[in-house]
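Welcome, and please get your viewer ready. We will go from stop to stop, selecting a few residues each time.

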Amino acid sequence: MLNIKNIAAFDNLRTPFYYYDMDLLRKTVERVATISRKYGIHVHYAIKANVCKPILETISAAGFGADAVSGEEVVHAVSCGFPGSEVMFAGVGKSDREILAALDCGVGCFNVESLQEIEAIAELAAKTGRIAPVAIRVNPNIDAHTHKYITTGLNENKFGLLESDLPKAAELIKSKPSLEFKGLQLHIGSQITDVDSVFELECQRVNEIVENFEKTGLKVSNIDLGGGLGIDYDDPDGNPVADFETWMSVINRTLKLREDQTVHVEPGRSIVAQCGNLIARVLYVKPGTTKTFVILDAGMNDLIRPALYGAYHKIENLSAHYLRNDEDKECAYDIVGPVCESSDVWGEGRILRESRRGDFVALRSAGAYGQVMASRYNLHEFAPAVYSDEL
Ligand code: LLP
């Protein structure tokens, strides 16, 4: 059950809202810092997962860099305390405006994803009298064994350059005095739970790719393995902190590094998912012919993952637990949102404490790709953020 010190403090808040457990965030960040230090791995938090300022400030204070995928994310990362030189700028479609904004921020690296993009960055850097640091994103053609919408490292995906294009990319970079080559980057997918085998495979592929690439004469100083470490959506209380030790130890023992090479990773979800919860109220409990619906005031506009990916989020009735203490009364419900779409369903046949109008309900593990992917569909207001430190 979501640990809340004082549920009465929720009474005055307008629902739905995102509730962030800042103690858990700090504990997670500390763990990442300890393990990454042990293995000498540089962490760049993928800010696309959650862009709330207090969250970013907590993460940047730990000395991590950031991974951004838009000019706006680059600027936001810098305004939340990440040094520009520690911000990587990735993405298949960087516009000229975004490239210029990133050059202004002094980004540490542009992760380039096409030959045309290399030309564009070189030209804009030259025009503004700058040297742009670049790394090549490689598509390693690896199956991350995850949902097809969040797998990114297969030939059929739009991301990165194919290995066969790397010599051409290297020649192009060498011919541009306004570019400084940094290294290679990959990202094979997200919510990877087969940690040992998938990341081992990724590192083995990187060993081959780097060895081949060095024949071009360009020196690979940075190897960036992307993000992707999965979290436990089924049991957020049993596993509140992701398995950073397994992830980083696999990298440490599998990746062959030369002495002057540094390893970088870009975790997003694994840092912020478990500290965030979408808190809603039960609007109505509605008996149907074969099932009973619990209708919440939070919908797919607030958290689109279930509707978009069929994603599972654990659901808990906080009022039944904290206020009524009626442990044994459980019912099967179809839990749904208010939006006029049949896919606005939180869960079918979920077993929940007996629920009543006005109860607080928590949708767990919603800190990553939750608030950032919200919309105002049906003109519902954006759910605001509430931080445990403030209550
Ligand atoms: N680096 C790159 C280049 C990425 O594209 C991503 C995520 C990450 C790092 C961070 O990956 P993570 O550690 O969070 O797995 N909206 C989807 C997830 C999309 C992930 C996109 N890229 C979801 O809700 O599951």
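The tour below starts at the ligand and then visits several places along the chain.

**Before you click**

This is a predicted model, in which local features need pLDDT of at least 70 and side-chain atom pairs count only at pLDDT 80 or more, while totals for chains, interfaces and linings use all residues. Residues are numbered from 1 along each chain as its sequence is written, and side-chain values use heavy atoms, with hydrogens and water left out.

**Stop 1: the ligand**

Select the ligand and show the residues near it (near: a heavy atom within 4 Å). There are 19 residues around the ligand, and those that come nearest are Ser190, Glu266, Arg305, Tyr309 and Tyr369. By class, this shell holds six nonpolar, seven polar and six charged residues. Here Ala, Val, Leu, Ile, Met, Phe, Trp, Tyr, Cys and Pro count as nonpolar, Asp, Glu, Lys and Arg as charged, and the others, Gly among them, as polar.

Next, draw three distances to oxygen atoms of the ligand:

- Glycine 228: a backbone N or O atom lies 2.9 Å from a ligand oxygen.
- Arginine 269: a polar backbone atom is 2.8 Å from a ligand oxygen.
- Tyrosine 369: an N or O atom of the side chain is 2.6 Å from a ligand oxygen.

How much area does the ligand expose when taken alone? The value is 590 Å², and the protein buries 92% of that. Accessible areas come from the Shrake-Rupley method with a 1.4 Å probe; for residues, only the protein chains shown count as cover.

**Stop 2: the loop between β16 and β17**

Stay with tyrosine 369, which lies in the loop between β16 and β17. Helices (H or I, at least four residues) and strands (E, at least two) are DSSP runs, numbered from the N terminus. Is tyrosine 369 buried or exposed? Tyrosine 369 is buried, with a relative accessible area of 15%. The terms work like this: buried is under 20% relative accessible area, exposed is over 50%, and partly exposed is in between (1.4 Å probe, protein chains only). Now check the backbone: phi of tyrosine 369 is near 60°, a positive value in a residue other than glycine.

Serine 365 also sits in the loop between β16 (360–363) and β17. Serine 365 is not a glycine, yet its phi is positive, about 55°. At 1% relative accessibility, serine 365 is buried.

**Stop 3: helix α4**

Select residues 96–105, which form helix α4, and colour its buried residues: Glu98, Ile99, Ala102 and Leu103. Why do these residues line one face of the helix? Seen down the axis of α4, they fall within an arc of 140°, so they line one face. That arc is taken from the directions from the helix axis to the C-beta atoms. Arg97 and Asp104 are exposed on the other side of α4.

Show what covers the buried residues: the list includes α3 (71–79), β4 (87–89), β5 (109–112), α5 (115–127) and β6 (132–139). Just after α4, look for glycine 106, with a positive phi near 65°.

**Stop 4: valine 282**

Move on to strand β11 (residues 276–287), where valine 282 is placed. Valine 282 counts as buried at 2% relative accessibility. Among its contacts (heavy atoms within 4.5 Å) are Val294, Ile295, Leu296, Arg356 and Val361, leaving out residues up to four places away in sequence.

**Stop 5: around arginine 26**

Select aspartate 389, in the segment after β17 (385–387). Aspartate 389 is partly exposed, at 48% relative accessible area. Which residues does aspartate 389 contact, leaving aside its neighbours within four places in sequence? They are Met22 and Arg26. The side chains of aspartate 389 and arginine 26 are joined by a polar contact of 3.0 Å. A polar contact is a pair of N or O atoms within 3.5 Å; within protein, one must be able to donate a hydrogen and the other to accept it, and residues adjacent in sequence count only if both atoms are side-chain atoms. Aspartate 389 and aspartate 21 are 368 residues apart along the chain, while their C-alpha atoms are separated by 7.9 Å.

Now add threonine 58, found in helix α2 (residues 53–61). Threonine 58 touches Met22, Leu25, Arg26 and Val29, not counting residues up to four places away in sequence. Threonine 58 counts as buried, at 18% relative accessibility.

**Stop 6: a cis peptide bond**

Finish at proline 16, in the segment before β1 (17–20). The peptide bond from threonine 15 to proline 16 is cis, with omega near -5°.
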